[in-house]
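Here is a short tour of one protein chain, written for someone who is new to reading structures. Have a look at the sequence and the 3D view, then follow along.

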Amino acid sequence: MKNPVYWVVLAGISIALIQQGLPVRSQGESQSDNKQMDNITIRQGETLFLSCSQGDFVTHTAWLNRSSILYAGEDKWSVDPRVSLVTLNQDEFTIKIEDVDLTDEGQYICAVQTSSRPRTTSVHIIVQVPPKIVNLSKDLVVNEGSNVTLMCLANGKPEPAIGWRMLSPSDDSLSSDSEVLEIPFISRYRAGVYECTASNDIAVDTQTVELTVNYPPSVSDGRDVGVTLGQRGVLQCEADAVPEADFEWYRDDRRIFNGFDGIEIEDAGAFSKLTFFNVSEADYGNYTCVAMNKLGSANTSIILYVQDGNSGTSTVFTPTCLLLIVLLQLLLKF
C-alpha cells in the first residue's frame, strides 16, 4: 500500500490533501471552510495541546506550523522530539508540544480533507516569557562623595517593568521605576544592599547589588578612667570607619606598643583597648588613641587618673602635678 502524498496549497491558508492517483481540483474549483480560533496564550516551558474536531467522512488530516507539516494523520513529519501525537480518531485530532519556547510562537493549522471538500482550523499561539535579569551592575566599593549609577536590564514577554529599591537597610525614599538608579554625592548612610526587580504578568525576577561606601575614621570622645594604685585599668577607644580603622596609642608623643611595660593593646573591629594590669604612679597621665585608614585619621585623648580607694575621690596625676606635689612636701619640711 502506497503512502499518501500531501499537497500544501499556500494560497491563503487553504490546504488540499489528496491521495496519490486521485484527481486534483484546481484552486478555482476548490471550496473549503476556514475557521479561525481565538488566540492561545501559553507560558514558556509549559506543554501546548493543539486539538481540532474531525467529523464524518474524513479521508486525510494534518497539523501544520506555518508552512511545515508536523503530523499528517499518524505519520510524524516534524523532527522535533518535543512534538508528539496524543489522539487521532473519528472525533478528535490532538498533538502536543512540550517545553514551549518563543520559537514555537505563530500560526498553527489543522487541515481536514473530507469526501466533499477540505476544512481548515487555524489558531495563533502567543508564548509568554517570564522576566529574567540579564545585565546587572556588579557589587561596588566607592568613596564617600562619589556619584553612583546602578544599571539593571531584563528580558521577558510581555516586556517587564524594572525598578530599584534600597533593601537593607530599608529606605523607601531611595527608589527608581526605571532601569537606572542614580545616587549623586553618596554618603555613608546610603551604603547597603540594593534590589532590582523585573516583573510582568507571568512572574518576578529579583537580584541584588551590594554597595560599600568608604569614609575616614571618626572617633568617639574618650572617657577618662580612674584607677587605684596597683589595680587593673583599661582605656577604650572606638572608631567608625570603612574600611575598618587601624589603631595606635601614644603617651605624650611616644608611641606605645603591645607588651611595653606590661601594657596590653587589643584591637577588635571598631574598638581598641589599652590595658594596665598593675597601675603604678608612673602610668597616670594623658594618653592618645589614633584611628586611621587609607582615607584619613582621627584621634581622642583619655586621662588615666588616681582614684582614692578609701574615700572614692579621685585625683589626676600628670607629670607636672607630681613634680608640684614633691616640691610642696619639701617646702613644708622647712
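## Before we start

A quick bit of vocabulary: strands, written with a β, are DSSP runs of E with at least two residues, and they are numbered from the N terminus. Also keep in mind that this is a predicted model.

## A little three-strand sheet

Let's begin with sheets. In general, the strands of a sheet pair through backbone hydrogen bonds, either parallel or antiparallel. One open sheet here has three strands in the order β5-β10-β9, and their pairing is antiparallel. At its edges sit β5 (48–53) and β9 (83–88), each of which pairs on one side only. Going from one strand to the next, the twist averages 20 degrees.

How many bridges join β5 to β10? There are six, and β10 covers residues 92–97. If you want a spot to find on screen, look for S53, which stands opposite E92 in β10.

## Following β26

Strand β26 is a good one to trace, since several features meet there. Is it mostly covered or mostly open? Mostly covered: seven of the nine residues in β26 are buried. It has antiparallel pairing with β22 over six bridges, and in that pairing Y250 stands opposite T288 of β26.

β26 also runs antiparallel to β27, with nine bridges joining the two. A hairpin takes the chain from β26 to β27 through two residues. Here you can spot N293 standing opposite G296 in β27.

## One aromatic pair

How many aromatic pairs does a search of the whole structure find? Just one. The ring centres of F276 and Y287 are 5.4 Å apart and the ring planes meet at 70 degrees, so the pair counts as edge-to-face, a label that needs planes over 60 degrees apart.

The two partners come from distant parts of the chain, eleven residues apart: F276 belongs to β25 (residues 271–276) and Y287 to β26 (residues 285–293). Are these two residues buried or exposed? Both F276 and Y287 are buried.

## Unusual spots in the backbone

Most residues other than glycine have a negative phi, and most peptide bonds are trans. A few places in this chain go the other way. The peptide bond from S168 to P169 is cis, with omega near -5 degrees. P169 lies in the loop between β15 (161–168) and β16 (171–176). Another cis bond runs from V242 to P243, with omega near -5 degrees, and P243 is in the loop between β21 and β22 (246–251).

Then there are two aspartates with positive phi. D252 has a phi near 55 degrees and is placed in the loop between β22 and β23 (254–256). Its relative accessibility is 52%, and exposed means over 50%, so D252 counts as exposed. D261 has a positive phi of about 50 degrees, though it is not a glycine, and it is found in the loop between β23 and β24 (263–268). D261 is exposed as well, because its relative accessible area of 63% is over the 50% cut-off.

## The second largest pocket

Now for some empty space. Rolling a probe the size of a water molecule over the atoms shows where such space is left. In this model, the second largest pocket holds about 180 Å³ of space. Among the residues lining that pocket are S220, R223, C237, F271 and I302.

Which strand gives the most to this lining? β21 does, with four residues. Both β21 (233–242) and β27 (296–307) supply at least two residues each. By type, the lining divides into five nonpolar, four polar and three charged residues.

## A residue tucked away

To finish, find T61 in strand β6 (residues 58–65). T61 has a relative accessibility of 6%, and buried means under 20%, so T61 counts as buried. How far apart are T61 and R119? In sequence they are 58 residues apart, while in space their C-alpha atoms are 9.4 Å apart.

How values were computed. Residues numbered from 1 in each chain as written. Predicted model: local features only at pLDDT ≥ 70, side-chain atom pairs only at ≥ 80, totals over all residues. Heavy atoms only, no water. 1 Å grid on protein atoms, 1.4 Å probe; cavity = no way out; pocket = protein on both sides within 12 Å on 5 of 7 lines; lining within 4 Å. Points joined across faces, edges and corners; volume = space filled by probe spheres on them. Nonpolar A, V, L, I, M, F, W, Y, C, P; charged D, E, K, R; others polar. Buried < 20%, exposed > 50% of the residue type's maximum accessible area, 1.4 Å probe, protein only. Pairing = 2+ DSSP bridges. Axes fitted to C-alpha atoms, helices over the stretch in contact; angles between N-to-C directions. Phe/Tyr/Trp six-rings, centres within 6.5 Å; stacked < 30°, edge-to-face > 60°.
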